[in-house]
Amino acid sequence: MNNLAQSGCQFQRNGDWYDAMQARAHLQRKYEYLLKKGMVDSSEQFIQRAASKSSVSGKPYRVKCGPLELDSAVWFGTQLQRLRKPGA
């Protein structure tokens, strides 16, 4: 989530765009909820269960970095791969 906060990207949730810090705060709350419920054991589970779509509307989240806009699941998956890459 820190990558998102520092990215300068925008985050779309239920049709509205938020800055990266607001998005990070929202996802942090979702993470803490899932953690309390014992529903997240890995980064992949977090992406799938919290960072991909709204738990209220079911609409996918989107991330926009400059002209590039994509589903948040793709964006977070790419960030995770970069973090896990040797030497990263």
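The exercises below go through a predicted model of one protein chain, each with a worked solution.

The model is predicted, so local features need pLDDT of at least 70, side-chain atom pairs count only at pLDDT 80 or more, and totals for chains, interfaces and linings use all residues. Residues are numbered from 1 along each chain as its sequence is written, and side-chain values use heavy atoms, with hydrogens and water left out.

**Exercise 1. The chain as a whole**

State how many helices and strands the protein chain has, and in which pattern they follow along the sequence.

Solution.
- Step 1: Helices (H or I, at least four residues) and strands (E, at least two) are DSSP runs, numbered from the N terminus.
- Step 2: On this basis the protein chain has four helices and four strands.
- Step 3: Along the sequence their pattern is α-β-β-α-α-β-β-α.
- Step 4: The C-alpha trace spans about 35 × 35 × 20 Å along its principal axes.
- Step 5: The radius of gyration is taken over C-alpha atoms, and the globule rule is 2.2 Å times the number of residues to the power 0.38. For 88 residues a compact globule would have a value near 12 Å, and the protein chain agrees because its radius of gyration is 12 Å.

**Exercise 2. Pairing of the strands**

Find which strands pair with S1 and with S3, and give the number of bridges.

Solution.
- Step 1: Two strands pair if DSSP finds at least two bridges between them.
- Step 2: Strand S1 (residues 10-13) runs antiparallel to strand S2 (residues 16-19), with four bridges. Here Gln12 has Trp17 in S2 as its bridge partner.
- Step 3: S1 also pairs with S3, in the antiparallel sense, over three bridges. In this pair Gln10 is opposite Lys64 in S3.
- Step 4: S3 is joined by four bridges to strand S4 (residues 68-71), again in an antiparallel run. Lys64 is opposite Glu69 in S4, so that Lys64 has a place in both pairings.**Exercise 3. The two hairpins**

Name the residue with a positive phi in the hairpin of S1 and S2, and the one in the hairpin of S3 and S4.

Solution.
- Step 1: The hairpin of S1 and S2 has two residues between its strands, and Asn14 in the turn has a positive phi of about 50 degrees.
- Step 2: Asn14 takes this positive phi although it is not a glycine.
- Step 3: The hairpin of S3 and S4 also has two residues between the strands, and there Gly66 has a positive phi near 65 degrees.

**Exercise 4. The disulfide**

Locate the disulfide and describe its two ends.

Solution.
- Step 1: A disulfide is a pair of cysteine sulfur atoms within 2.5 Å. A search of the whole structure gives one.
- Step 2: The pair is Cys9 and Cys65, with sulfur atoms 1.8 Å apart.
- Step 3: This pair links distant parts of the chain, 56 residues apart: Cys9 is in the loop between helix H1 (2-7) and S1, and Cys65 is in strand S3.
- Step 4: The disulfide is right-handed because the torsion about the S-S bond of Cys9 and Cys65 is about 105 degrees.
- Step 5: Buried means under 20% relative accessible area, exposed over 50%, and partly exposed in between (1.4 Å probe, protein chains only). Cys9 is buried because its relative accessible area is 5%, while Cys65, at 23%, counts as partly exposed.

**Exercise 5. The nonpolar core**

Describe the largest nonpolar core and the helices that supply it.

Solution.
- Step 1: A nonpolar core is a set of buried Ala, Val, Leu, Ile, Met, Phe, Trp, Tyr and Cys residues joined through side-chain atoms within 4.5 Å.
- Step 2: The largest one has 17 residues, and those with the most contacts inside it are Leu4, Phe11, Leu27, Phe46, Trp75 and Phe76.
- Step 3: At least two residues of this core come from each of helix H2 (20-36), helix H3 (43-49) and helix H4 (72-84).
- Step 4: In the whole protein chain, 31% of the 88 residues are buried.

**Exercise 6. His26 and Ser52**

Decide whether His26 and Ser52 are buried or exposed, and list what their side chains reach.

Solution.
- Step 1: His26 is in helix H2, and counts as buried because its relative accessibility is 12%.
- Step 2: A polar contact is a pair of N or O atoms within 3.5 Å; within protein, one must be able to donate a hydrogen and the other to accept it, and residues adjacent in sequence count only if both atoms are side-chain atoms. The side chains of His26 and Tyr61 are joined by one of 3.0 Å.
- Step 3: Ser52 is in the loop between H3 and strand S3 (62-65), and is buried because its relative accessible area is 15%.
- Step 4: The Ser52 side chain reaches the backbone oxygen of Ile47 at 2.5 Å.
- Step 5: Contact means heavy atoms within 4.5 Å. Not counting residues up to four places away in sequence, Ser52 touches Ile47, Pro60, Tyr61, Ser72 and Ala73. Leaving aside neighbours within four places in sequence, His26 is in contact with Arg13 and Tyr61.
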